[in-house]
Amino acid sequence: MAQRHCYLYLVLLCTGQFSILDGTKILPNTNQQHFVNILQTGKPSLIYFKRTTNPSISLFLQQLEKSSESLEEYGITVAQVDCTTENVPKYCENNDVLKKAYLFRGNIMLRSFAIDALFDVDAIVANVLFVLLFNEIKYVSSLVDLHDIENDMKGRGDVVVTFVRAIGVPEHRAIMETAFVYGAKYQFVLTTEQSILEDLDLEDSDKLSARLWFCHCKMVVDRTQPCKRFFLEQPLTTVNIHSYLKVLEAPLVVESSVGPEEVSTVHTQLKMPVVFLFTQRETYKHDRITAESVAWQLLGKAGVVLVPRAQLQSNVPEDVTVGFRSAGGDSSISYLVVTSVEEIVDVVKSEGKHTSTSEADDEEESEDVDFRGIQDDEVAEAIYRNGWRELDVDLIPALTDRSFPQSLLATPHVVVLFYTAWDAVSMVFLQSYLEVSTRLADLKDLSLSRVNCGDWPDICSNENATQLPVVKIYSPGKDPLFYTGMLGAQNLLKFIMLSRLANPVQLTTMEDIEAYLSGELHGDLKPYRHISVVGLFSPDMEKEHDDFAKAANSLRGIVVTGCYVGNDNPYLSQRFGVVPPALVFAKHDKSHIEGVQLEKSNTKDIESAIKSSMLENFPELTVENLPSYFQPLKPLLILFIDNDDTITMKAKKELAEFNKLRSTKTYTTCWIDLRNTQVGEEILQLYLNYLPQLPALILVQLGSGNHVFAFPEGQVISRVNVLHWLKKVQVGQEQPSNLLQDKEWTPPQTAYDFLAIMDIVRPGFAKQRTPNSAKQVDAYEDEDETELTNDPHEEEDHTVSAAEPKGESLPETLPRPPVQGKKTQLKVHSEL
């Protein structure tokens, strides 16, 4: 026992030691007066107003504490205010105070950040600096915007262009920290738009997580000439960017009066390769031009030094033209006989390629993969992780403007997926669609196909398929049916199979009704039907029958309904306990048949009654079924659990029995297991603003005040106690624990209208001009390429400057390029 206590003591001691060594600054709680004093300093400050501490808030506070030291290096104060003890007007009174952190400059609140966006130290520092450097950094969304900035900076200053996949990633922080130092010297430009990379014709642009270009615009005297662009090949870290800018600030070519072994430049200090070109008085002008040509091609990769041949040691052969010091700080120099500029450049690049290959091999040996560039998009990350898995999409016919109308006539039921190959959600769903296609390949009356909206936007526009991916089912004599369910193989398979039948199915005899309710009629659909619905009508009930048919048609793909029109009222009333008009429900898993009299026979009420019959009596709420139980807007009585101990199991059993009481039908009684549905913890946190001890019973009054009531902690969850508690709630003797905001619950992000995005990038692209001629489509594609080539901005990107010639061989000295542009280059770099 003593040994165990000693072990625990050592563990606690080590834990405390690590906390001390971690160096994390603990943020003290700031009172109201101190908060006012911070604002009065006039300096930037990041303030978080807290009320309670729960796991998600605690995680954010840890990251905020870790970021405080980094932010204070930039003169930014970080503090937290406890609103349970300090009542700061406007902020502590805000219901969203837990969800946001506020950035001030003096007394002015610049911006509030959702704490979800401040998920780690990099995100906090990057977002804060991004706001504070708003005037120093310009955000662009198109190549035209970038060209406008470059044109404005010509002859005035240089431009640093940066691309990051998402805001808040480590690369974004590195750029912001660099801009904080160099913002007054260079014009920084930031973009997150993939389209700009594509316009710059970068290979594998979709895999690029970050990139930095340095645009030499200050040296451009003729405004019709483009700015030269060079990019940083190393990862975007603060050290790498700083080193890169330091190299670019150095002279283009260094002229030395000492031997190569004694030369020290910025490149040698940064342990970068250095190329030594040897010159003599007779050939100096030509050698200088050659050195500048080499330096431009190796800019940011290696330094170039011009050394008089007289400074070489006696043991160096006379025919040597180039010296090379490799990366890594090694002082040894290799002497080479080189006859062209290309060979010099190849020497440096071959060493860099060898180094990068070795680093890549080391990365492949590591099991850790860096997904930081896509951490804001879980779907994109799934695509990235499964990139090795090639889909055999050829199994699904790809339709064109010609084959699309023909395919709709080929089979009675045609399923079409509208998607784009560059959309992550589309590509994930394409896997499920391929699985469904394989499982349904033997059906003769059904075919599955696909339309790539990136290739055929006119088809997608005509079919109203703009927010992709979209699945539509075409059947003869019926309107196309949109699939609106979960994007998974099983749900889509069920939808397709149920949509094949006419809805409602016409039943003519009592035997048909019995066979339909038992599942024997259309037995091939039994795996996809857990409930059968039959509408019973007399021949004179034409309106009721029509309303039922409309409701059944609106539920195609969700449930298959049967319809009986006849005069067998005695049998029906004896068998099902109802008389027409009525609905009969049969749940196959429970062998239970129930008849419901239709007091209201309009389409909406019939549809609502059918949907309600599909719900379980005491269901487990999941992400998939939550909308079904949420839509009726009945009060939700939810039991939150996270284990299977005795107390939890007894609470579930008591609520199941409670739900059988007829007086409790006004509630939707359900339960959420936080182990299966992780978002349940966030829901519970939203309802109460804290996480109670589980199991916890919550009453949510939807649509009637949006009040949230919590069953008293410490009381046993039993039928009697719950009934007593609900009665107290009804008569107003219980105070609500929270009040939900009265707002529409929508997805966190709106769906993309991909066709509209295409038109923004290239106006008119989504409206193809000749949708019925494949030959003319090819011609217009050629025309588009011509338009791109003739774009003056694109010409600027692809024109080879006269200052970057390849050179020609000279027998008496190093290879030299043409002299055009020499004076401009020398003048500009003397200024640098």
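Student: How far apart are the sulfur atoms of Cys 217 and Cys 227?

Tutor: In this predicted model, the sulfur atoms of Cys 217 and Cys 227 lie 2.2 Å apart, and the two residues form a disulfide. The pair links distant parts of the chain, ten residues apart. Cys 217 and Cys 227 are each in the loop between β8 (210-216) and β9 (228-231).

Student: Is the link of Cys 217 and Cys 227 left-handed or right-handed?

Tutor: The angle to read is the one about the S-S bond, which is 120° here, and the link of Cys 217 and Cys 227 is right-handed.

Student: Are Cys 217 and Cys 227 buried or exposed?

Tutor: The cut-off for buried is under 20% relative accessible area. Cys 217 has a relative accessible area of 0%, so Cys 217 is buried. Cys 227 has 9%, so Cys 227 is buried.

Student: How many disulfides does a search of the whole structure find?

Tutor: The search finds three. Another one is formed by Cys 83 and Cys 92, with their sulfur atoms 2.0 Å apart. The torsion about that S-S bond is about -75°, so the disulfide of Cys 83 and Cys 92 is left-handed. Both Cys 83 and Cys 92 are buried.

Student: What can be said of Cys 453 and Cys 460?

Tutor: Cys 453 and Cys 460 form a disulfide with a sulfur separation of 1.9 Å. Their S-S torsion is about -95°, so this disulfide is left-handed. Cys 453 is buried, at 0% relative accessible area, and Cys 460 counts as buried at 0% relative accessibility.

Student: What pattern do the disulfides of the protein chain follow?

Tutor: Count the bonded cysteines along the chain, and the pattern reads 1-2, 3-4, 5-6. Cys 215 is in no disulfide. The nearest cysteine sulfur to Cys 215 is that of Cys 217, 5.4 Å away. The cut-off for a disulfide is a sulfur pair within 2.5 Å, so a separation of 5.4 Å does not qualify. Cys 215 is buried, with a relative accessible area of 0%. Cys 563 also counts as buried, at 0% relative accessibility.

Student: Let us turn to strands. Where do the side chains of a regular strand point?

Tutor: In a regular strand the side chains alternate between the two faces of the sheet.

Student: How many residues of strand β2 are buried?

Tutor: Strand β2 covers residues 77-82 and is mostly covered, with five of its six residues buried.

Student: How many bridges join strand β1 to β2?

Tutor: Strand β1 (residues 44-50) is joined to β2 by six bridges, and the two strands run parallel. To locate the pairing in the model, start at Ser 45, which stands opposite Thr 77 in β2.

Student: Now the charged side chains. How many salt bridges are there?

Tutor: The count comes to 18 salt bridges. One of them joins the side chains of Asp 547 and Lys 543, at 2.8 Å from N to O. Both residues lie in helix α18 (residues 542-554). Asp 547 and Lys 543 are four residues apart, about one turn of the helix.

Student: Which residue of this pair is buried, and which is exposed?

Tutor: Asp 547 is buried, with a relative accessible area of 9%, while Lys 543 is exposed, with 52%.

Student: Where in the chain do Arg 675 and Asp 644 lie?

Tutor: The side chains of Arg 675 and Asp 644 meet in a salt bridge, 2.9 Å from N to O. The pair links distant parts of the chain, 31 residues apart. Arg 675 is in the loop between β25 (668-673) and α23 (679-688). Asp 644 is in the loop between β24 (636-641) and α22 (646-659). Arg 675 counts as partly exposed at 41% relative accessibility, and Asp 644 counts as exposed at 52%.

Student: Which residue forms a salt bridge with Arg 719?

Tutor: The partner is Glu 654, and the closest N and O atoms are 3.4 Å apart. This pair also links distant parts of the chain, with Arg 719 in helix α24 (residues 719-730) and Glu 654 in helix α22, 65 residues apart. Arg 719 counts as partly exposed at 37% relative accessibility, whereas Glu 654 counts as buried at 17%.

Student: Which residues do salt bridges with shared partners join into one network?

Tutor: The network consists of Asp 122, Arg 173 and Glu 177.

Definitions and conventions
Residues numbered from 1 in each chain as written. Predicted model: local features only at pLDDT ≥ 70, side-chain atom pairs only at ≥ 80, totals over all residues. Heavy atoms only, no water. Buried < 20%, exposed > 50% of the residue type's maximum accessible area, 1.4 Å probe, protein only. Pairing = 2+ DSSP bridges. Salt bridge = Lys/Arg side-chain N within 4 Å of Asp/Glu carboxyl O.
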